[in-house]
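Ready for some practice in reading a protein model? Keep the structure open beside you and try each task before you read its solution.

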Amino acid sequence: MSFGANSILDMGRWALFASQVQLQVTGENISNINTEGYSRRSVVLEEAPYIDYSPGQLGTGVKAKEVVRHFDKMVEELYLGQSTMRDKWGTLYEQLRSVESLLNESTGTGVSDSLSQFFNSWNEVSQRPDNYGARQSVINNAATLVSTLKQVDTDLSLMQQRINVAVDAQVSEANKLMQEIADLNNEIQVHDIPGQNNANSLYDERARKVRELSELLDVKTIDNGGGNFTVMTKAGHTLVDGESHFSLEFNAAHSTKDLRSGSQFDGEIYFDGNDDFEYTVEIVDAGSPGGVRSDAGAAMYRVSLDGGVTWVTNEDGSEKHFSARPYDNRVNVEGLQIWFGSATDSKTSPTQNFSEGDRFVISPHQGLYWVENTSHKEEITPQLHFNGEENDRRITGGSLGALITFRDNYVGRYREKMEALTETVVWETNRRHSQGAGLQTFVVEDGTYGVDSASRALGSDSTGLVFGNRLQSGSSKLYIYNANTGLVMSNASGMLDFSGIVPPGLTNFNPEIHSLNDVRQAYEDTFGTYVNATIVNNKLRLEARDGYSFAFGDDTAGLNAALGLNTFFRGSKPTDLNVNEKVTGDLDYLATGHVNGAGEMNSDDNTVALAMYALRELSVSISTVVEGTTSQSIQDYYNGIVGNVGTDTNRVKFNRDFYESLSKDLNERQQQVSGINLDEEMSNLIRYQHSYTAAAKLITTADQMLQTILSLKP
């Protein structure tokens, strides 16, 4: 090859092209300064091939090798980890602020104020027990308390429903992003030729989509170059793998089983009801052949509500075990009825035995699932153990993680505590009221709490009695009166006698032995001459025979309160709570006093009213699954709930600020690499413009050289 005007012209042409590309890329940077996710680009120049020549080695110019994207993968991976936590705590904080507003007591119309007015009204009626205005005040304040408790629970429930709608929408958004990332991987695979044709725009778009996905749930990436790009959750569930993508589903309540190797169990676990906790059921004793039985040979299982980290306990702290029952004897476990049936029929018992260690998981609410294919789904619903640690095999970040965590572990926990508060208010009030007396005796009294089976022991897990677990061995008194004279029948009044019930010899009530049928029979055996005891719709009914009436006395067993006889409240939770219509319909039945040892009911007796008023400061036992049993006053317990909300909000706010600071710092570090500096770009624009001008001058010079040569005559 020879050098001359032609080679200089060619060199100028390539220099002109290189400068033109640089100007083009600089213009692209400037025009996209406000484009989200755009990464700064620059042109890599390299020297054109050189040729050995005389008087020495000479170059052939410059070559625009490639357009590169400035992007720090390591910083981006760190950013994804912090930003997903930022979005989690940020979303949680916004949601918790709404709970704070809901439980705001500053307006004087909250639960705390309603409780105070309710207890104070008992103090007022204690001073004037026979005053109907004071009696009506008790009813009115009780109705206000009921309404307030219902409203708080309704608002919390609506929050959970709203969260479900938001989660469903975000799941659809996440699935769309996963598909788009997989499509981008495919496009990159087609268009990207490293070092020659870098698909910078596609890379930017993919990085932007990954950031959007990380806002929804915690992700990590594996970049093997080009379209060989994988996105997973931190727990290891693959979301995108090259050109393939998986999906998420937000499904309804369901159950799964995880049987030990060699287990022969051929049935399924079934449940009825809903709860905010996930139930893990583990067989601890396979029992007699068949396993699922109605007798003492049934298999035994334990229950965990936090993924098997802690197990439900008895009041003494020992691990609580439940019997594996068929449908007709289904067991009440916390908020659910649980039983075992065949794989095809929930009401038919399975035939094969359990193995110790067989596990079943009940998800009694909508949950998030990772779907690998049509036959394999894995639950990844965020789960918080009761020790405060998160289940790292589930999703732990992003707004999806935050919303479900808020629904279950915050609102769910607050609702559980409000239900425990309500149940305690009902039980403690009914416990006192059921042993009291109003201004008149009863002719008929219907129990308000029923059972699933009248033949099962009232204290068993499968009886279905709401307050069955609060029953104790003890006595219960009933007083019989002559309806005409109002005088007590001294030869008929006294303790309910169970000595004629199998097993014989037990005078007092025993909740582990006696059923509703036994209680009815005991009333018939003890007071049958004066009172007719029947069971109507699985509830006890007492009806005085002609010429008689009756009143209730001391009840150390809690039998009257548990069966709903002479009680003030109906129901046990905010959703079904009401003041007993027996009391609201006739204020004479409001029990402010008691029946004394002589069987007398005095209109000015205020024994029960004072006991009700004292309840405002009395320490009582309140139990929840998360916190166990605590002893404190009802008012203090509610104040503790409000305090918990405030503490949770402050803690979440701290975490939000912390991760927001970290993610902001990492984003700034990324912007230092990929961000656009207008001053720098303008400087480059001038530099490349001069380069372009110089290259053009070089071409002009080469052209003049050629013209000079062509003008030479032979």
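Below are five exercises with worked solutions.

The model is predicted, so local features need pLDDT of at least 70, side-chain atom pairs count only at pLDDT 80 or more, and totals for chains, interfaces and linings use all residues. Residues are numbered from 1 along each chain as its sequence is written, and side-chain values use heavy atoms, with hydrogens and water left out.

**Exercise 1. Pockets**

Task: Describe the space and the lining of the second largest pocket.

Solution:
- Start with the term: on a 1 Å grid over the protein atoms alone, a pocket is an open set of points with protein on both sides within 12 Å along at least five of seven lines, and lining residues have an atom within 4 Å of a point.
- Next comes the space: the second largest pocket holds about 600 Å³, where a volume is the space filled by probe spheres set on points joined across faces, edges and corners.
- Its lining has 19 residues, and those closest to the centre are Thr256, Glu278, Val361, Arg393 and Arg394.
- Two or more lining residues come from each of β10 (254-258), β17 (359-363) and β19 (376-379); strands here are DSSP runs (E, at least two residues), helices are runs of H or I with at least four, and both are numbered from the N terminus.
- Sort the lining by class: two residues are nonpolar, eight polar and nine charged. Ala, Val, Leu, Ile, Met, Phe, Trp, Tyr, Cys and Pro count as nonpolar, Asp, Glu, Lys and Arg as charged, and the others, Gly among them, as polar.

**Exercise 2. Cavities**

Task: How many cavities of 30 Å³ or more does the structure hold, and what lines the largest cavity?

Solution:
- A cavity is a set of grid points where a 1.4 Å probe fits but cannot get out.
- The structure holds three cavities of 30 Å³ or more.
- The largest cavity has a volume of about 110 Å³. Of its 14 lining residues, Asp276, Glu278, Pro382, Gln383 and Asn409 are the closest to the centre.
- That lining divides into five nonpolar, four polar and five charged residues.

**Exercise 3. A lining and a backbone angle**

Task: Find the class make-up of the second largest cavity's lining, then look at Asn566.

Solution:
- This cavity has a volume of about 50 Å³.
- Its lining has seven nonpolar, four polar and no charged residues. Among them are Gly436, Phe442, Asn566 and Met601.
- Asn566 lies in the loop between α8 (559-563) and β26 (569-570), and its phi is positive, near 60°, in a residue other than glycine.
- Asn566 is buried because its relative accessibility is 3% (buried means under 20%, exposed over 50%, partly exposed in between, with a 1.4 Å probe and protein chains only).

**Exercise 4. Another loop asparagine**

Task: Is Asn537 buried or exposed?

Solution:
- Locate Asn537 in the loop between β23 (531-536) and β24 (539-544).
- Its phi is positive, about 55°, although Asn537 is not a glycine.
- With 69% relative accessibility, Asn537 counts as exposed.

**Exercise 5. A peptide bond and a distance**

Task: Which form does the peptide bond from Val502 to Pro503 take, and how far apart in space are Gly56 and Val111?

Solution:
- The Val502 to Pro503 bond is cis, with omega near -5°. Pro503 sits in the loop between β22 (494-495) and α7 (516-527).
- Gly56 belongs to the loop between β2 (50-51) and β3 (58-59), and is partly exposed at 23% relative accessible area.
- From C-alpha to C-alpha, Gly56 and Val111 are 95 Å apart in space, with their positions 55 residues apart in sequence counted as separation.
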